[in-house]
Amino acid sequence: MHIGLGLPIADPVALPEWARRADSAGFSTLGLLDRMVYDNPEPLVTLAMLAGATDHIRLQTEVLIAPLRDPALLAKQAATLDRMSGGRFALGLGVGGREDDHEATGTDIRTRGRRLDEQLAIMRRLWSGEPFSQTCGPIGPAPTAPDGPDLLFGGFQPAAIDRVGRWGGGFLAAAAPTWAGGLFDLARRSWTDHGRSGAPRIVAQLNAVLGAQPLIDHARTAILDYYEFSGRADYMAAGLLTTPDQIRSAIKQFEDLGADETILYCYGTDPDQVDRFADAVL
């Protein structure tokens with residue numbers, strides 16, 4: 001089981017320190033969420049900076065809301081980050097369910113799923129070196145691998161999870177261990193239904209904080225604020241893991257379900273948490 005860290009978003013200036021510590025400690029991945037209408041750093045810009053601050057750790061969007069973006073530009077940005085990080089970048093993608101994000105970018109939330117599939121087809125074609133159209137040439141740089149960066153897909157509905165098999169890559173499960181197993185099964189079934197060999201990469205997420213009570217209180221407040229739109233903020237805050245034993249137990253549950261990696265999402269901003277998490281799970 002690989003263990004990664006989901007970066008807190010409240011203080012972007014502190015993130016290089018988080019990244020350097022996580023890289024030195026041996027964490028597998030740095031994950032970063034995406035929103036438009038929220039006080040968070042833009043993930044591709046941020047991960048590009050963190051690529052320069054680290055040597056080994058994977059850099060991963062969890063998840064980038066692709067329908068908010070132009071596919072040709074996104075293909076170029078992702079390939080650039082992939083190349084400049086030495087192939088350490090994984091592009092986690094989702095459709096986004098918040099009306100305000102789509103309003104701010106002039107995109108139609110009702111067609112976001114279809115738009116993501118269209119974007120994927122364009123990006124895969126560009127990453128392979130094909131021209132954009134009959135009248136418009138190729139868009140570089142070429143990514144490290146011919147089919148582009150590693151892809152992960154987040155979602156809860158069967159149609160969203162089926163992208164794992166249709167497009168390849170893996171599944172990002174933002175679900176508790178008690179009900180993530182069924183989602184893992186859907187991802188694996190999609191993989192085999194589309195005739196792919198091997199197995200998809202399965203990545204789980206946990207919300208966690210380790211530290212003194214004021215830090216825990218701050219993290220709970222941040223979760224309540226972030227999930228306020230969903231009507232499930234109290235449920236999400238109640239699931240926050242605050243002790244090493246809780247975290248280790250949840251990781252073991254995901255391991256038993258066959259997850260390849262667990263990302264510990266951090267809402268408290270104290271970078272000393274990196275060392276506490278390392279002591280607890282590495």
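User: A polar contact is a pair of N or O atoms within 3.5 Å. With that in mind, which residue has the backbone nitrogen that the side chain of Asp 101 reaches at 3.2 Å?

Analyst: This is a predicted model, and in it Asp 101 lies in helix H4, residues 99-105. Asp 101 counts as buried because its relative accessible area of 1% is under the 20% limit. A polar atom of the Asp 101 side chain lies 2.8 Å from the backbone nitrogen of Val 37. At 3.2 Å, the side chain of Asp 101 also reaches the backbone nitrogen of another residue, and that residue is Met 36.

User: Which residue has its backbone nitrogen 2.8 Å from a polar atom of the side chain of Thr 61?

Analyst: Thr 61 belongs to strand E3, which spans residues 58-61. With a relative accessible area of 0%, Thr 61 is buried, because anything under 20% counts as such. The backbone nitrogen that lies 2.8 Å from a polar atom of the Thr 61 side chain is that of Gly 92.

User: Is Ala 219 buried or exposed?

Analyst: Ala 219 is found in helix H9, which covers residues 213-226. Ala 219 and Pro 8 are 211 residues apart in sequence, while their C-alpha atoms are 9.4 Å apart in space. Buried means under 20% relative accessible area, so Ala 219, at 0% relative accessibility, counts as buried.

User: Phe 156 and Trp 179 form an aromatic pair; what is the distance of their rings, centre to centre?

Analyst: The structure holds four aromatic pairs, and one of them joins Phe 156 and Trp 179. The angle between their planes is 25°, and the pair is called stacked because planes under 30 degrees apart fall into that class. Centre to centre, the distance from Phe 156 to Trp 179 is 5.7 Å.

User: How many residues apart are Phe 156 and Trp 179, the two members of this pair?

Analyst: Phe 156 sits in the loop between strand E6 (150-154) and helix H6 (158-161), whereas Trp 179 is part of helix H8, residues 177-193. Phe 156 counts as partly exposed, with 42% relative accessibility, and Trp 179 also counts as partly exposed, with 36%, because both values lie between the 20% and 50% limits. The pair links distant parts of the chain, and the separation of its members is 23 residues.

User: Which third residue is linked into a cluster with Tyr 226 and Tyr 227 by ring pairs?

Analyst: Tyr 226 and Tyr 227 form an aromatic pair, with 5.0 Å from centre to centre and 85° between the planes; this counts as edge-to-face because the angle is over 60 degrees. Tyr 226 is buried at 6% relative accessibility, and Tyr 227 is buried at 18%. Ring pairs link these two residues into a cluster with Tyr 38.

User: Over the ring of which residue does the charged end of Arg 196 sit?

Analyst: Here the partner of the ring is a charge, and the charged end of Arg 196 lies 5.7 Å from the ring centre. That distance is within the 6 Å that this description requires. The ring under Arg 196 belongs to Trp 191.

User: What is the volume of the largest pocket?

Analyst: Of the 43 residues that line the largest pocket, the closest to its centre are Gly 155, Phe 156, Ala 174, Gln 205 and Tyr 227. The elements that give two or more residues to this lining include helix H5 (112-127), H8 and strand E8 (201-208). By class, the lining has 24 nonpolar, eleven polar and eight charged residues. The volume of the largest pocket is about 1400 Å³.

User: From which element does the largest share of the lining of the second largest pocket come?

Analyst: The second largest pocket has a volume of about 150 Å³. Among the 13 residues that line it, those nearest its centre are Pro 149, Asp 150, Leu 151, Gly 168 and Gly 169. The lining divides into four nonpolar, four polar and five charged residues. Its largest share, three residues, comes from E6.

User: What is the approximate omega of the cis peptide bond that joins Glu 62 and Val 63?

Analyst: Most peptide bonds are trans. A cis bond occurs from Gly 140 to Pro 141, with omega near 5°, and Pro 141 is placed in the loop between H5 and E6. Val 63 lies in the loop between strands E3 and E4. For the cis bond joining Glu 62 and Val 63, omega is about -15°.

Note on methods: Residues are numbered from 1 along each chain as its sequence is written. This is a predicted model: local features need pLDDT of at least 70, side-chain atom pairs count only at pLDDT 80 or more; totals for chains, interfaces and linings use all residues. Side-chain values use heavy atoms; hydrogens and water are left out. Rings of Phe, Tyr and Trp (its six-membered ring) pair if their centres lie within 6.5 Å; planes under 30 degrees apart count as stacked, over 60 as edge-to-face and the rest as tilted. Helices (H or I, at least four residues) and strands (E, at least two) are DSSP runs, numbered from the N terminus. Buried means under 20% relative accessible area, exposed over 50%, partly exposed in between (1.4 Å probe, protein chains only). A charge sits over a ring if NZ of Lys or CZ of Arg is within 6 Å of the ring centre and within 35 degrees of the ring normal. On a 1 Å grid over the protein atoms alone, a cavity is a set of points where a 1.4 Å probe fits but cannot get out, and a pocket is an open set with protein on both sides within 12 Å along at least five of seven lines; lining residues have an atom within 4 Å of a point. Grid points are joined across faces, edges and corners, and a volume is the space filled by probe spheres set on the points. Ala, Val, Leu, Ile, Met, Phe, Trp, Tyr, Cys and Pro count as nonpolar, Asp, Glu, Lys and Arg as charged, and the others, Gly among them, as polar. A polar contact is a pair of N or O atoms within 3.5 Å; within protein, one must be able to donate a hydrogen and the other to accept it, and residues adjacent in sequence count only if both atoms are side-chain atoms.
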